[in-house]
Amino acid sequence: MGEEPRRLTVSVSRLFAPRPGPRAGAFVRALIVAFGVTAVSAGRLDAQVPPDTVRADTLRVDTLRVDTLRVDTLRVDTLRVDSLGRPLPPDTIQQDSVSADTIFYNLPDLAERPAGGWAGGVWTWDHEAILATEALTLVDLVETVPGMIALRAGDFGTPLGVTAFGLGGGRIRVFRDGFELTPLGGASVDLSRVGLGGITRVRLERRPGEVRIDLSTFRFSDGRAYSLIEAGTGDLNTNIFRGMFANPTTLGGDIALALERLDSRGSRGNEPGFEQGTWLRYQLHREDRAGLAVDFRRMASETEAEPYAAKVTRTDLTVRGSAQLFEALTAQAYWGRSSHDVEDTRDAYLTEGGRRTQAGLLASWTRDGLTADAAWRHFGGAGLPRSDLEFSIGADRPAYGGFAAGIERAAWAGTSTSAKHVRAWTRPLLGLSLFGSWESGTYGARVGPIADVMPPLDTTPVDSMAAPDTTTGTGPGTVPAAPDFRVTNRTASRLGAQWVWKDVALSGAKLRLETDSLLPIGLQPDRSGPALSGGVRTGWEAWARVPLPILDGLHAEGSLQKWDQAWSYMPEQIYRGAIAYHRTFLESGNFELWWSVGVTGHGPMTVRQVLGDATNETGDVAGPELALVPFYQNWFGRIQIRIVTVHVFIGWNNFTVRRNLQDFPARLLPGPRAFYGIRWTMWN
């Protein structure tokens, strides 16, 4: 296309040219605001969003397309009219110009897989939906999904995980812009080191054989610089900060960066900890058809809780290229390196840590509601599959329904795993629709943390004449190497129906799970724990949303999942319910209100025995390999108000003051805690 013009000429009737401003100064001011280095200096709120009524002297034309150039926020000042209020004729138009910094591009994005909502087992939060929640961490967001269980080992800085359907290590997979966040500190990704800074879209696919979380970083929808401030505080000396700044025209491309930090003095008041992260991304573009992104993210968690490493840091560096090869076909290639660094002088952590590389090719094709995508990933280093190949196809047709199916094959050292899955749903007929899913296959998971440093040599004398160990086949004085991974076989199905009438939605499904073994979650509380024998479990789940006619915008929503028998990390029942209110006021939509009161909980849950003798606060021990954590119930409340682009929120957790909340033995969770803060988005 050649060099981009620096100014675009537009004709406007008797237009007074807008007063030029110092662009570098605006950039610096926005950067300072984004990270809270100095006091916030901002203009009036009505400069961020159009007012309730449009004034003739400030008419805005947004996202005007001129060939391949996007012109945002074209300002027409002092538009003249005659004595009857009619616009002046076109022949009185004179020239003016619009700054070229309103041009913006994004890397071509891969096609979205079919969702299906509750019926398809997929939940999605876009940027506005994330801002509308009070979630402080990714786990807070994911926990709102029916059937999901959060696994917390304490307060900020301690390990974090999630599970569903009793899934263990290797079956909770997290991706960020197509790059897989491979587990490095155990069999599962520790979500305390997966921040929300710069994340503007979250998609969760909850299947009985896998939970997949796809994170997408910020994409420009406007030609102006963008800033986001999140700040708050609360009980237990809780402090919350998350700031982001993005500029679509910087250094020949675009730049985005974010900082975040969550800290408190711990659930018992004497275990202070924090989670802190940095994100930086630079992108080059060839219009919207191709681009290159360099992405750096570092997230650290630190705690004084005795059972865990004092400080652990995860760093991910990726280089990603994306191109729209044809109108319906997009391809992406990437290379990345992830590191796991532990700062703790205790013997158990001396050899822990290291780096792993990853390279991948992704492609997606979409046309007329039909989508197909493929992914090939190659991993470097022990404890990970050598390669992973996925292919899926799906469609979402409102007139008929939708389906999604896929296959996956992974190559591990000395073996391979393969799995397949399918899900489908029908369009409503008289309000009733059917849905179902089935999957089966073998799945692999690493064992323990990566350790690239060799342990100290054992200088204990060995009898060189000793006979070989006949049980292991090893030679004199040798110890058989522990496996880097485990493999499990699982088959699962889900079949149900949903009825929708106006704003009323009722749904239920029958569940069945069969597996040969149960793997530990593989976070630090239970990593390298034993695999348990499997079996068959059956159950059902239900979800409902009913409006309450006493107040417009008020509704009740709840879910229940129940099993014939409890399993490891799968209590007999899991429930969540709330009464919630949501309405938008004013014709401009510049005032919005949310509030909710609800409860989330589950029955007693068996977990792996860890941390010494693994007895919990109640002393319940289920066997030589399992411990039983007690009944869990957390009553919560939320209020949030949006005024133009400012969100003010306040929340309460565990306001019924339950003192023995725990997900792992002897690891009490925070008691009652109130927190409050603001989220403020700004442009230019």
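This is a walk through the strands, ring pairs and cavities of one structure. Keep in mind as you look around that the model is predicted.

Let's begin with strands. Strands of a sheet pair through backbone hydrogen bonds, either parallel or antiparallel. For an antiparallel example, find strand 19 (residues 311-324) and strand 20 (residues 329-343), which pair over 14 bridges. If you want to spot one of the contacts, look at Val312, whose bridge partner in strand 20 is Val342. How do you get from strand 19 to strand 20? You pass through a hairpin with 4 residues joining the two.

Strand 20 also pairs with strand 21 (residues 354-367), again in the antiparallel sense, over 12 bridges. Here Thr330 stands opposite Ser364 in strand 21. Strand 21 is also home to Arg367. The side of the story that concerns solvent is simple: Arg367 is partly exposed, with a relative accessible area of 45%. Try placing Ala395 relative to Arg367: the two are 28 residues apart along the chain, and their C-alpha atoms are separated by 9.5 Å.

Further along the chain you can trace another run of partners. Strand 28 (residues 504-518) pairs with strand 29 (residues 532-547) in the antiparallel sense, over 13 bridges, and Ser507 stands opposite Trp543 in strand 29. Strand 29 in turn is joined to strand 30 by 9 bridges, and these two run antiparallel as well. One facing couple there is Ala544 and Gly558, the latter in strand 30. Between strand 29 and strand 30 sits a hairpin with 6 residues between the strands, where Gly553 takes a positive phi near 95°.

Now for a sheet with mixed pairing. It is an open sheet of 5 strands, in the order 7-12-13-10-11. Which strands stand at the edges? They are strand 7 (122-125) and strand 11 (179-180); each has a single partner strand, so one side of each is left without a neighbour in the sheet. For strand 11, the link to strand 10 consists of 2 bridges, and the two strands run antiparallel. Phe175 has Glu180 in strand 11 as its bridge partner. Over the ring of Phe175 sits the charged end of Arg212, 3.9 Å from the ring centre. A similar arrangement can be found at Phe274, where Arg261 lies over the face of the ring at 4.1 Å from its centre.

Staying with the sheet, strand 12 (residues 199-207) contains Thr200. Is Thr200 buried or exposed? Thr200 is buried, at a relative accessible area of 11%. Thr200 and Glu128 are 72 residues apart in sequence, yet 8.2 Å apart in space, C-alpha to C-alpha.

Next, the aromatic rings. A pair of aromatic rings is described by the distance of the centres and the angle of the planes. There are 11 aromatic pairs in the structure. One of them joins Phe165 and Trp563: the pair is edge-to-face, with 6.3 Å centre to centre and 90° between the planes. Phe165 lies in the loop between strand 9 (160-163) and strand 10 (172-176), while Trp563 is in strand 30 (residues 554-563), so this pair ties together parts that are 398 residues apart in sequence. Both Phe165 and Trp563 are buried. Compare that with Phe585 and Phe591, which form a tilted pair at 5.6 Å centre to centre and 50° between the planes. Phe585 is partly exposed, with a relative accessible area of 24%, and Phe591 is partly exposed too, at 27%. Elsewhere, ring pairs link Phe218, Phe220, Tyr226 and Trp683 into a cluster.

Finally, let's look at the empty space. Rolling a probe the size of a water molecule over the atoms shows where empty space is left. Across the whole structure, a search finds 14 cavities of 30 Å³ or more. The largest cavity has a volume of about 310 Å³. What lines the largest cavity? Its lining has 28 residues, and nearest the centre lie Gly170, Glu180, Pro385, Trp412 and Gly444. You have already met Glu180 as the bridge partner of Phe175. Strand 10, strand 24 (401-412), strand 25 (415-426) and strand 26 (432-446) each supply at least two residues of the lining. Strand 26 gives the largest share, 5 residues. By character, the lining of the largest cavity divides into 14 nonpolar, 7 polar and 7 charged residues.

How values were computed. Residues are numbered from 1 along each chain as its sequence is written. This is a predicted model: local features need pLDDT of at least 70, side-chain atom pairs count only at pLDDT 80 or more; totals for chains, interfaces and linings use all residues. Side-chain values use heavy atoms; hydrogens and water are left out. Rings of Phe, Tyr and Trp (its six-membered ring) pair if their centres lie within 6.5 Å; planes under 30 degrees apart count as stacked, over 60 as edge-to-face and the rest as tilted. Buried means under 20% relative accessible area, exposed over 50%, partly exposed in between (1.4 Å probe, protein chains only). A charge sits over a ring if NZ of Lys or CZ of Arg is within 6 Å of the ring centre and within 35 degrees of the ring normal. On a 1 Å grid over the protein atoms alone, a cavity is a set of points where a 1.4 Å probe fits but cannot get out, and a pocket is an open set with protein on both sides within 12 Å along at least five of seven lines; lining residues have an atom within 4 Å of a point. Grid points are joined across faces, edges and corners, and a volume is the space filled by probe spheres set on the points. Ala, Val, Leu, Ile, Met, Phe, Trp, Tyr, Cys and Pro count as nonpolar, Asp, Glu, Lys and Arg as charged, and the others, Gly among them, as polar. Two strands pair if DSSP finds at least two bridges between them.
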